[in-house]
Amino acid sequence: MTDYFIESIAAYDARFPLPPGAGTDSVHSNSEYSLGVTLLASQQRLSGTGITLALGEGNRLICEAIEMLARPLVGMPIEELMADFGQVSRMLSDDPSLRWLGPHKGVVHLALASITNACFDLWAKSRQVPLWKLLLDLTPEEVVRLLDLSYLEDVLGEIDALELLRGEMGGRSGRMGILKTGYPGYDTSVGWIAYEDAKVRELTARAIENGFKAFKLKVGSAEESRDLRRAEMLRSAIGNGAALMFDANQRWNLPTAIRMCRKLGEYAPLWIEEPTHPDDIHAHLVLAGEIAPTRIAAGEHISNRILFKNFMQAGALHYVQADCTRLAGVSEYLTVSFLAKRLGFPVVPHVGDMGQLHQHLVLFNHIALGHEVLFLEHIPHLRKHFVFPANVRDGYYETPQQPGASCDLKVTAGEPEVRTVVS
């Protein structure tokens, strides 16, 4: 096996304006998806691509943080780097200057996500396998060395993680069928908040034709009656047999969340997502009791494994929406998946990567950790910009076969600007 060295690092600011109304929610109204991209160049023109999601101007700050954080990786062989990546991740996140800006959240953590995802992509490419296969082929000891379990030792230590993996080994063969059937998706793009009712109905009908059986609607409108009307409309359109989710994107304070979640609960949602401020664990806990049996999903803006631990220990959510572009990349995503399995919570990722990278990770979650097969969010708006876009057929993500983590972007002249950092 050739050991590839990281010869140079580049960051670029990739921005993609969306069609009117696409990508909008109750808080974020600008239709521009942006990716803070890390490129790790190696010999024989092999490179690793990592991405994290932003919504416009802040993307340049992420790219500047990538430039600063990634410097220690130059010259390192990828096999050596990944042999103990949990320690590498801890070292990078605890940079003595940049840690002050978090710690473990915000711009610096988003930059670390991009860098980490690039490392995993380069590693899988160097072994000439898709990321899901690379992860499944690792020994339990090798997987656990990818994780930074610091501050989780009271719940999940190395021995716990190893026992969890080893305990699921016997059932792996019975779960391998997911590689043939594909992983079920749910459609977020039918229900952006700026879409008129006719647009929602049109897109929903098309999604049903394409095999989807689960759908999400953005709520948190200035007029509460609009949310309720649209909720009734979408439930009628998809029927009682399909799954319906609502997403408030943090819009409501606790009293409003209690009132609105009770009303929306009449439409039998699988969950209500981000019903209030993402840092307010107590409000989520109170809300969970007030609106039961309606359940809460959160994670799009839960920035690190420690906060996820707190949410789960408090019983303040029901569905863990871990996102490897919000957490510190694949490594911390896996850590949260272990934690969720340990504490008995399902993982349903939020896809700041448009499902490109998470399509690999949900396969590992199910096959290696025994997580229940639920849904993987589907947002198609950047599909044409990826070299190997995620394929969804009849509502299911097809298992990716190309080496790597499916993050490579098509780069055309002038879009985006590439800045070489170290070479």
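Val392 touches Phe212, His378 and Tyr397, leaving out residues up to four places away in sequence. The model is predicted. Val392 belongs to strand 11, which covers residues 392–393, and is partly exposed, with a relative accessible area of 26%. The C-alpha atoms of Val392 and Gly182 lie 8.7 Å apart in space, although 210 residues separate the two in sequence.

A second residue, Ile115, sits in helix 4. Its relative accessibility is 0%, so Ile115 counts as buried, the cut-off being under 20%. Apart from neighbours within four places in sequence, Ile115 is in contact with Thr38, Leu40, Ile66, Leu69, Ala70 and Leu73. Val286, by contrast, is 37 Å from Ile115, C-alpha to C-alpha, with their positions 171 residues apart in sequence.

**Two helices**

Helix 4 runs over residues 106–126. With 21 residues at 1.5 Å a residue it should span 30 Å, and its end C-alpha atoms are 31 Å apart, which agrees. Of the 21 residues of helix 4, 19 are buried, so the helix is largely enclosed by the rest of the structure. After helix 4 comes Gln128, with a positive phi near 60°.

Helix 15 takes in residues 329–343. Its 15 residues reach 21 Å from first C-alpha to last, close to the 21 Å expected at 1.5 Å a residue. Helix 15 is mostly covered, with twelve of its 15 residues buried. Among the buried residues are Gly329, Tyr333, Phe338 and Ala340. Gly344 follows helix 15 and has a positive phi, near 85°.

**Backbone details**

The peptide bond from Gly102 to Pro103 is cis, with omega near -10°. Pro103 is placed in the loop between helix 3 (85–93) and helix 4. Ala292 and Pro293 are also joined by a cis peptide bond, with omega about 10°. Here the loop that holds Pro293 lies between helix 13 (281–291) and strand 8 (296–298).

Arg45 has a positive phi although it is not a glycine, and so has Asn249. What are the relative accessible areas of Arg45 and Asn249? Arg45 is exposed, at 84%, whereas Asn249 is buried, at 0%. The table sets out the two residues.

| Residue | Phi | Loop | Relative accessible area |
|---|---|---|---|
| Arg45 | about 60° | between strand 2 (32–41) and strand 3 (47–54) | 84%, exposed |
| Asn249 | near 50° | between strand 6 (243–247) and helix 12 (254–264) | 0%, buried |

**The chain as a whole**

The chain contains 16 helices and 13 strands. A compact globule of 423 residues would have a radius of gyration near 22 Å, and the value of 20 Å for the chain agrees with this. Along the principal axes, the C-alpha trace spans about 60 × 50 × 45 Å.

Buried residues make up 61% of the 423 residues. Among contacts with a separation of 6 or more, 75% are between residues 24 or more positions apart. The exposed area of the chain is about 16300 Å², of which carbon and sulfur atoms supply 51%. There are 40 positive and 51 negative side chains, and the centres of these two sets are 4 Å apart.

Terms used: Residues are numbered from 1 along each chain as its sequence is written. This is a predicted model: local features need pLDDT of at least 70, side-chain atom pairs count only at pLDDT 80 or more; totals for chains, interfaces and linings use all residues. Side-chain values use heavy atoms; hydrogens and water are left out. Helices (H or I, at least four residues) and strands (E, at least two) are DSSP runs, numbered from the N terminus. The radius of gyration is taken over C-alpha atoms; the globule rule is 2.2 Å times the number of residues to the power 0.38. Buried means under 20% relative accessible area, exposed over 50%, partly exposed in between (1.4 Å probe, protein chains only). Contact means heavy atoms within 4.5 Å. Accessible areas come from the Shrake-Rupley method with a 1.4 Å probe; for residues, only the protein chains shown count as cover. Lys and Arg count as positive and Asp and Glu as negative; His and the chain ends are not counted. The place of a charge is taken as NZ of Lys, CZ of Arg, CG of Asp or CD of Glu. The expected span of a helix is 1.5 Å times one less than its number of residues.
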